[in-house]
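Trainee: Could you take me slowly through one part of this structure, the place where two helices pass each other, and then through the core around it?

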Amino acid sequence: QLQHAGRWQETGEILADAARALERAGADFLVLCTNTMHIVAPQIEAATSLPFLHIADATAARIAERGIECIGLLGTRFTMEESFYRGRLEERHGLRVVVPPPEDRVIVHRVIYEELCRGRIDDGSRREYQRIVGALVKAGAQGAIPGCTEIGMLLRVEDAAVPLFDTAQIHAEAAAMLALADE
């Protein structure tokens, strides 16, 4: 509700409070297990002294391993349209990011909130996502980021002719590696 109301400051305060509680409990670092809420990552990072493992950075590292320079991005409209994610990929990691045109961004966003967040997997929506990824490839994308953790329930590796970079999996693997790095 806060996302759709544009009340990002309030969402950031809630997550910053949670981050402070994790720091007091002895956490070694922070992981925010969502793409969209990284819009408030600066608030969370400012709230504690803990290192913050940004989902876009972990994903960009995996993309760089594959030598990809142009990547397609799917996600909530916030992730596709705001600079907190796209801008980070472009400015910090030198990637060229392409997103669907406005009418397809509406479809991607709607499927996330009206279907995937409710546990509904629809083959028609899968075909729409396949079409949209195909259009991103035609626009130059050498791979695609399903940049909403729920998209992985719908879009499978075999659904695309290019590599898909599942942010939920990549972020979890990076967090595990970071957690085990000191052992």
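Mentor: Before the angle is given, it helps to know that axes are lines fitted to C-alpha atoms, for helices over the stretch in contact, and that angles run from 0 to 180 degrees between N-to-C directions. The model is predicted, and in it the axes of helix α3 and helix α5, the latter spanning residues 83-93, come within 10 Å and cross at roughly 50°. Angles under 35 degrees count as roughly parallel and those from 65 to 115 as roughly perpendicular, and α3 and α5 are therefore oblique to each other. The crossing in which α3 passes α5 is right-handed. On the α3 side the contact is made by I55, A56, D57, T59 and A60, while α5 brings Y85, R88, L89, R92 and H93.

Turning to the core, the largest nonpolar one has 51 residues, and those with the most contacts inside it are I71, L74, Y85, L89, Y129, I145 and I151. Helix α3, residues 55-65, gives the largest share of this core, five residues. I145 can serve as a point of view here, since leaving aside residues up to four places away in sequence, I145 touches T59, I63, I71, G72, L73, L74, Y85, L89, F165 and T167.

As for the cysteines, a search of the whole structure finds zero disulfides. C148, for example, is in no disulfide, and the nearest cysteine sulfur, that of C117, is 5.9 Å away. Buried means under 20% relative accessible area, so C148, at 5% relative accessibility, counts as buried, and C70, at 5% relative accessibility, counts as buried too.

Methods: Residues numbered from 1 in each chain as written. Predicted model: local features only at pLDDT ≥ 70, side-chain atom pairs only at ≥ 80, totals over all residues. Heavy atoms only, no water. Disulfide = S-S within 2.5 Å. Buried < 20%, exposed > 50% of the residue type's maximum accessible area, 1.4 Å probe, protein only. Core = buried A, V, L, I, M, F, W, Y, C linked by side-chain atoms within 4.5 Å. Helix = DSSP H or I, 4+ residues; strand = E, 2+ residues; numbered from the N terminus. Contact = heavy atoms within 4.5 Å. Parallel < 35°, antiparallel > 145°, perpendicular 65-115°, else oblique. Left-handed = near helix turned anticlockwise from the far one by under 90°.
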